Amino acid sequence: MLDALDPFRRELRARAGEALPTAWQAAAEAATRAADGTAQLVPARGRAARMGVRGHGHPDAGAVSLALILTAAGATLR
């Protein structure tokens, strides 16, 4: 989850002067991109670590779930 949460936090902080719905949407998009990018990693922590190299090519479920939650929460801000 941290793979998606940290990019979300950084983007939201960088857009602190913008309207919250706009900043949140951009931050949620950053989280989604980061979650998608986890497919290129070999899981080393959490439940997916048991998969080892077999996990390569699959996005981290926690990161994807968090990105979806952040996107849905942002939709309520509009």
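**Exercise 1. Is Trp 24 buried or exposed?**

Solution. This is a predicted model. Start with the value for the residue: Trp 24 has 18% relative accessibility. Next, take the cut-off: buried means under 20% relative accessible area. Trp 24 therefore counts as buried.

**Exercise 2. Find the aromatic pair and classify it.**

Solution.
- Step one: recall what to look up. A pair of aromatic rings is described by the distance of the centres and the angle of the planes.
- Step two: count. There is one aromatic pair.
- Step three: name the partners. Phe 8 and Trp 24 form the pair, with 5.0 Å from centre to centre.
- Step four: check the distance. Centres must lie within 6.5 Å, and 5.0 Å meets that.
- Step five: check the angle. The planes stand at 70°. Over 60 degrees counts as edge-to-face, so Phe 8 and Trp 24 are edge-to-face.

**Exercise 3. Which parts of the chain does this pair tie together?**

Solution. Place each ring. Phe 8 lies in helix 1, residues 2-14. Trp 24 lies in helix 2, residues 20-37. The pair therefore ties together parts that are 16 residues apart in sequence. Now add the surroundings of Phe 8. Its relative accessibility is 7%, so Phe 8 counts as buried.

**Exercise 4. Trace the salt bridges of Asp 6.**

Solution.
- Step one: recall the principle. Side chains of opposite charge can pair when their charged atoms come close.
- Step two: take Arg 9. Asp 6 forms a salt bridge with Arg 9, and their closest N and O atoms are 2.9 Å apart. Both residues lie in helix 1, three residues apart, about one turn of the helix.
- Step three: take Arg 10. Asp 6 also bridges to Arg 10, with the closest N and O atoms 3.0 Å apart. Asp 6 and Arg 10 both lie in helix 1, four residues apart, again about one turn.
- Step four: join the results. Asp 6, Arg 9 and Arg 10 are linked in a network of salt bridges.
- Step five: read the accessibility. Asp 6 is partly exposed at 32%. Arg 9, at 40%, is partly exposed. Arg 10, at 46%, is partly exposed as well.

**Exercise 5. How many salt bridges does the count give, and which residue pairs with Glu 18?**

Solution. The count comes to four salt bridges. One of them joins Glu 18 to Arg 15, with the closest N and O atoms 3.1 Å apart. That is within the 4 Å cut-off. Then check each partner. Glu 18 has a relative accessible area of 35% and is partly exposed. Arg 15 has 26% and is partly exposed.

Terms used:
Residues numbered from 1 in each chain as written. Predicted model: local features only at pLDDT ≥ 70, side-chain atom pairs only at ≥ 80, totals over all residues. Heavy atoms only, no water. Phe/Tyr/Trp six-rings, centres within 6.5 Å; stacked < 30°, edge-to-face > 60°. Helix = DSSP H or I, 4+ residues; strand = E, 2+ residues; numbered from the N terminus. Buried < 20%, exposed > 50% of the residue type's maximum accessible area, 1.4 Å probe, protein only. Salt bridge = Lys/Arg side-chain N within 4 Å of Asp/Glu carboxyl O.
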